[in-house]
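Here's a friendly walk through a protein model, one piece at a time. Keep the 3D view open and follow along as we go.

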Amino acid sequence: MKPTNIKDPEYFHKVVDCQYACPAHTPVPEYIRLIAAERYTDAYMVNWESNVFPGILGRTCDRPCEPACRRVRVEEEPVAICRLKRVAADNKGDISDRLPVIPKKKNGKRIALIGAGPASLTVARGLAPLGYEIDVYDNQFAGGGMMRSQIPAFRLPEKVLNEEVNYILDMGINATFNVEVDSLKEILNKNYDAVFVGTGAPRGKGLNLPGLEDAMDNVSLGIEWLSSVAFEHTDSIGKRVLVLGGGNTAMDCCRTSRRLGGEDVRVVVRSPYEDMKASPWEKEDAQHEGIPIYNNHVPKDFVVEDGRLKGMRFEKVEARYDEEGKRSLVPTGEDLVFMEADDVLMAIGQENTFPWIERDLGIEFDKWDMPVVNESTFQSTNEKVFFGGDAAFGPENVITAVAHGHQAAVSIDLFCRGDDVNDRPSPRVSQGSQKMGVHEWSYDNDIAMDQRYKVPLAPLEKTLTDRKMEVELGFDQSTGFKEAERCLNCDVQTVFDEVRCIECDACVDICPTDCISFTSNGAEEDLRGRLSAPAGNLAQDLYVSADLPTMRVMVKDENVCLHCGLCAERCPTTAWDMKKFLYSVSKADQQL
Amino acid sequence: MSYQLPKFRHPELPVNDLGYTKAEYEGAISTLCAGCGHDSISGAIVRACHELSIEPHKIAKLSGIGCSSKTPTYFLGNSHGFNSVHGRMPSVVTGAALANRDLLYMGISGDGDTASIGMGQFAHVARRNLNMVYIIMNNGCYGLTKGQDSATADRGSASKKGDPNIYSSIDLCGTALQMGATFIGRSFSGDKEQLVPLIKAAMSHRGFALIDVISPCVTFNNNLASTKSYEFVREHSEATGTIDFVPMHKEITTEYEPGSSHEVTLHDGSSIHLYKVDDSFDPFNRGSAMGALEEHRNAGNILTGLIYMNKDSRDLHEVIETSQRPLNELEEVDLCPGNKMLVNINASLR
């Protein structure tokens with residue numbers, strides 16, 4: 001193998017599994033260390049700069065970082081990264097003097113943002129400090145988009161939402177609420193320098209089953225129903241509720257139903273339990289509230305008697321997988337299952353729809369009627385129009401929308417300055433040794449053996465009677481500290497300097513997880529077969545040095561490195577050093 | 001700040017025939033200087049014992065005094081241990097081995113502990129062919145007392161702060177050969193590919209098995225003028241050949257070209273395959289071994305690998321015909337057969 005190019009920031013970035021997995025690449029270990037040091041405000045700001053909504057995401061994020069956490073590979077459970085983010089948000093002090101200063105004198109460029117959800121707000125956050133004049137249009141009464149209409153208040157209190165949305169709106173953004181934009185042409189005619197479309201994926205999918213017409217009064221689409229609850233148009237539901245679908249929206253629907261009068265609330269899903277799209281913790285939360293999940297049940301029809309919905313019938317299936325792992329649901333041949341219902345909520349997915357975008361504006365649409373959007377610049381085929389969030393590539397999640405927003409803001413700024421949007425600024429990277437003295441490192445390299453701590457919950461009897469009462473109480477400071485100590489500090493990198501190495505093997509001997517080998521070089525597959533310990537995780541890189549005097553190379557399998565620093569500790573010549581590697585994604589306002 | 005060994009291990013560590021991973025053969029974290037060769041030897045011992053699937057409680061590790069003699073704390077944490085008096089480890093092993101012949105004895109010593117204060121003990125334990133492995137962690141200096149030259153420092157070699165050594169050095173392999181040791185090897189702490197099979201072979205040998213391991217002292221004796229530095233040893237070591245150790249119950253799957261290798265069956269049924277570099281060298285002949293040591297020393301090189309092995313070794317227990325049952329298991333009834341037997345014996349002598 002060729003020597004690893006550690007000058008390429010992406011190499012060490014990938015070693016920080018959580019940060020790499022995060023769409024916005026939040027420097028997770030950096031803020032976790034700040035939490036452990038009780039520097040909550042600093043931890044919050046590290047988050048805020050990267051993901052804009054730490055308090056919101058600390059409660060509701062899809063947490064792609066957690067399955068990626070290295071702790072999963074050496075223990076069982078990942079660090080509770082998401083809930084630690086909330087610890088920073090809950091305990092922070094006043095941040096007003098840390099927010100970017102908004103120039104009084106504007107730069108003369110005007111930007112329109114359609115939709116006031118996470119993607120648009122992130123664009124605003126990036127551009128307002130640069131002096132852009134920004135107009136936001138939204139059909140809801142306040143900003144936040146789906147974070148306001150879809151995420152129930154028992155998961156995300158309105159206070160937290162308002163606070164973080166207002167940090168941005170207070171940057172001198174001209175917000176126009178309660179207005180449905182029904183023509184992009186009209187917006188473009190207002191001579192904006194650029195337009196950003198962050199309108200989400202607002203259309204719920206439905207199932208047109210026999211009996212639907214007669215049952216219509218008691219059948220709703222999940223996301224529409226959730227918004228009408230959020231905006232207080234709906235405050236009750238029948239005693240017996242069937243929720244169709246296995247995603248996070250279904251989980252929010254069933255849990256909300258329990259709070260609006262639903263007593264026998266059931267989730268019915270076509271797929272096996274394990275294949276459900278909902279996050280495991282959301283399924284657990286629903287079950288904790290006494291909501292059973294019926295899997296392998298395919299809805300067949302609505303049963304209506306005397307013009308009223310009586311229930312639904314389902315066909316039982318079992319999942320079979322072919323050789324390529326492709327699933328098919330095969331009926332078991334058993335009798336149809338009847339379930340009684342007063343109300344049915346369909347939460348089987350949502351999709352994009354752009355009836356308000358005229359097709360003669362130079363914005364190309366593909367065969368799925370989705371706009372053609374560049375995946376790194378977020379520019380459409382009309383150079384003035386940018387897309388982001390669910391509106392760009394279909395339904396994802398808040399953190400992905402934020403990541404899109406950052407990049408779209410960079411593009412819009414480049415575009416408005418007349419630069420090439422493809423010529424993107426590099427990420428900001430810094431690296432520094434953590435050695436303080438003998439046996440002394442500036443990070444806590446003692447590996448905690450603690451298992452993941454559970455977040456305490458408010459009592460069920462209280463939360464089920466108050467739709468707005470937050471279920472999770474969050475970690476207190478001392479539990480937050482203990483959970484923070486579980487972090488392995490993967491951003492403190494093991495950096496090897498072959499010129500200094502005397503090949504004494506001290507690092508090989510001390511490494512608790514046998515990551516390091518000195519051996520003759522070879523092709524990757526061959527090398528992986530003859531290292532100190534099995535190196536079968538191909539998703540994790542091998543760090544290979546240049547040739548050493550004995551014509552061997554140092555090979556380190558990054559897979560289960562604990563970043564304990566013992567290799568550097570036992571190295572007599574400081575050929576190994578532990579260097580903190582801070583990587584921040586390029587953002588529009590980084591030039592400030 | 002922390003200087004502790006994390007408890008996590010690689011989740012897919014291979015297990016041996018006993019179901020143990022390497023971790024079950026490890027000890028406490030080393031307090032020796034960073035980069036000390038001794039730690040690599042500890043690592044090699046851990047690997048050899050794990051790969052041979054020896055039950056940890058069937059091993060006793062004994063040592064004298066010095067940096068080398070601290071190391072038994074850092075390996076085989078589940079085995080018996082005895083940290084004895086300076087240079088007196090051989091006596092303690094002799095006592096232990098006579099009392100319980102069923103344990104595997106691993107003596108750890110240094111160049112000071114063996115070649116100076118313990119020279120007499122060393123000579124006699126070799127002469128008696130006590131069934132043990134005797135590992136010398138040989139760095140040519142007294143690391144615990146700031147690096148003075150030891151008796152194995154080569155003439156002309158200088159440590160970090162010292163003048164070139166004016167005395168002749170003791171070659172411990174040559175000495176052991178003279179004294180009647182039946183297994184002699186030399187290796188280098190920085191070469192586990194050679195050291196691990198050598199330790200395995202030594203553990204399977206019945207009789208006194210010496211391995212002299214050159215182990216650089218990073219703090220006091222790893223400088224340009226030293227002949228026991230990492231660099232010097234790498235440049236000047238010449239192996240007698242490579243050896244493969246094949247445990248008893250493992251089927252031999254490698255094809256060996258006839259004539260290119262020697263196969264030697266050890267007393268426990270395992271075997272070693274020796275690929276010799278030089279055809280004229282015969283490791284089963286004391287004269288040849290002695291000659292090879294002398295020749296390499298004269299050429300300024302360090303001969304490593306298996307240097308000598310007596311295939312017909314008879315250890316102390318065989319020579320003095322002790323009971324097969326360990327002496328520490330014999331009860332009063334075994335040792336005192338009673339008056340009737342005494343009468344019979346007396347009658348037979350009349």
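Helix α14 of chain A, residues 222-230, lies across two strands, β6 and β14 (343-346) of chain A. The angle between α14(A) and β6(A) is about 90°. Keep in mind that this is a predicted model.

Those two strands belong to an open sheet of 5 strands in chain A, with the order β6-β14-β7-β8-β9 and parallel pairing. Which strands sit at the edges? They are β6 (219-221) and β9 (293-294) of chain A, and each pairs on one side only. Take the β9(A) end: β8(A), residues 264-268, pairs with β9(A) in the parallel sense over 2 bridges. If you'd like one pair to click on, Val268(A) has Tyr294(A) in β9(A) as its bridge partner.

Now hop over to chain B. Here 8 strands make an open sheet, in the order β2-β1-β3-β4-β8-β7-β13-β9, and the pairing is mixed. Why do β2 (80-83) and β9 (237-239) of chain B each have one side without a neighbour in the sheet? Both stand at the edges with a single partner strand, so there is nothing of the sheet on the other side. On average, neighbouring strands of this chain B sheet are turned by 20° against each other, ignoring direction.

A quick bit of background: strands in a sheet pair through backbone hydrogen bonds, and they can do so either parallel or antiparallel. You can find both kinds in this sheet. Here are three of its pairings:

| Strand pair | Sense | Bridges |
|---|---|---|
| β1(B) and β2(B) | parallel | 4 bridges |
| β1(B) and β3(B) | parallel | 5 bridges |
| β7(B) and β13(B) | antiparallel | 4 bridges |

Let's zoom in on β1(B), residues 59-63. Is this strand mostly covered or uncovered? It's mostly covered, with 5 of its 5 residues buried. Ile59(B), Lys61(B) and Ser63(B) point one way from the strand, while Ala60(B) and Leu62(B) point the other way. Ala60(B) is a handy one to look at: it stands opposite Tyr105(B) in β3(B), and its bridge partner in β2(B) is His80(B).

Further along the sheet, β7(B) covers residues 183-188 and β13(B) covers 302-309. Arg186(B) has Gly305(B) in β13(B) as its bridge partner. Two helices lie across this region. Helix α6(B), residues 172-179, lies across β4 (132-138), β7, β8 (208-214) and β13 of chain B, and runs at about 175° to β7(B). Helix α7(B), residues 192-204, lies across β3 (104-110), β4, β7, β8, β9 and β13 of chain B, at about 160° to β7(B).

So how many residues does each chain bring to the contact between them? Chain A puts in 29 residues and chain B puts in 24 residues. On the chain A side, α7 (71-74), β19 (440-441) and α21 (506-510) each supply at least two residues. Sorted by class, that side has 15 nonpolar, 4 polar and 10 charged residues.

Last stop: the inside. The largest nonpolar core has 213 residues, and Ile35(A), Leu127(A) and Phe196(A) have the most contacts inside it. Helix α18(A), residues 398-416, gives the most to this core, with 9 residues. Leaving aside neighbours within four places in sequence, Leu127(A) touches several residues, including Ile111(A), Tyr132(A), Ala409(A) and Ala588(A). Apart from the largest core lies another one, of 36 residues, with Ala250(A), Val269(A), Met276(A) and Ala286(A) among them.

Key
Residues are numbered from 1 along each chain as its sequence is written. Chains are lettered from A and ligands numbered from 1 in the order in which they are written. This is a predicted model: local features need pLDDT of at least 70, side-chain atom pairs count only at pLDDT 80 or more; totals for chains, interfaces and linings use all residues. Two strands pair if DSSP finds at least two bridges between them. Axes are lines fitted to C-alpha atoms, for helices over the stretch in contact, and angles run from 0 to 180 degrees between N-to-C directions. Two residues are in contact if their C-beta atoms, placed from the backbone, lie within 7 Å. Ala, Val, Leu, Ile, Met, Phe, Trp, Tyr, Cys and Pro count as nonpolar, Asp, Glu, Lys and Arg as charged, and the others, Gly among them, as polar. A residue is buried if 20 or more other C-beta atoms lie within 10 Å of its own, exposed if 12 or fewer, and partly exposed in between; C-beta atoms are placed from the backbone. A nonpolar core is a set of buried Ala, Val, Leu, Ile, Met, Phe, Trp, Tyr and Cys residues joined through C-beta atoms within 7 Å.
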